[in-house]
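Trainee: I would like to examine one part of this protein closely. Please keep to a single pair of elements and explain what can be read there.

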Amino acid sequence: MLKTWKKKKKSNGGGSKKPDLIRKLDRVFSLYIRLRDTMPSGMCKCISCGRIKPFKDIDAGHFYSRTHMATRFDPFNVNGECSYCNRFDEDHLLMYRENLIRKIGLSNFNYLTMKKSMTKKWDDFELQKLIDYYTAEVRRLSADKGIRVK
């Protein structure tokens, strides 16, 4: 019989671990982006294809991949995108790029392009501050737009 070994998790004194904070921030940041880009009617225009979709069918689509930590939580890099474009359309970045430049301007786009190559190591304090900020923004936008989020 084969034995399976489980790697013991290191304890950091009972505080939150960085992966947990990043996961938490991913969730609240995604809600923020989707709410930010949703119209008062509860509909959102996909940045890639331009189709109008309900809030529940919109993802927070990253122009530069989430692997680039310097731009992972940059509101210029993440926009409301329909689930189809974000998950299945390989060519979605072509129109995303064009529409993103139109939305944020060429200078901000160029800065974002430069920023993605930077190294960013988030510390727990920064992550928690961002979680707190975006949680408050989600509450505000949710109330303003009348969209209930979990």
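Trainee: Which residues in α1 meet which residues in α6?

Mentor: This is a predicted model, in which local features need pLDDT of at least 70 and side-chain atom pairs count only at pLDDT 80 or more, while totals for chains, interfaces and linings use all residues. Residues are numbered from 1 along each chain as its sequence is written, and side-chain values use heavy atoms, with hydrogens and water left out.

From α1, the participants are Lys18, Leu21, Ile22, Lys24, Leu25, Val28, Phe29, Leu31, Tyr32, Leu35 and Arg36; they meet Asp124, Leu127, Gln128, Leu130, Ile131, Tyr134, Thr135, Glu137, Val138, Leu141, Ser142 and Lys145 of α6 (contact: heavy atoms within 4.5 Å). This contact comprises 14 nonpolar, three polar and six charged residues (nonpolar: Ala, Val, Leu, Ile, Met, Phe, Trp, Tyr, Cys and Pro; charged: Asp, Glu, Lys and Arg; polar: the others, Gly among them).

As to geometry, the axes of α1 (residues 18-37) and α6 (residues 124-145) come within 8 Å and cross at roughly 30° (axes are lines fitted to C-alpha atoms, for helices over the stretch in contact, with angles from 0 to 180 degrees between N-to-C directions). The two helices are therefore roughly parallel to each other, a label for angles under 35 degrees.

Helix α1 also contains isoleucine 33. Isoleucine 33 counts as buried because its relative accessibility is 0% (buried: under 20% relative accessible area, with a 1.4 Å probe and protein chains only). Leaving aside residues up to four places away in sequence, isoleucine 33 touches Ala60, Pro75, Val78, Asn79 and Gly80. Asparagine 79 lies 46 residues from isoleucine 33 in sequence, yet their C-alpha atoms are 6.1 Å apart.

Methods. Helix = DSSP H or I, 4+ residues; strand = E, 2+ residues; numbered from the N terminus. Parallel < 35°, antiparallel > 145°, perpendicular 65-115°, else oblique. Buried < 20%, exposed > 50% of the residue type's maximum accessible area, 1.4 Å probe, protein only.
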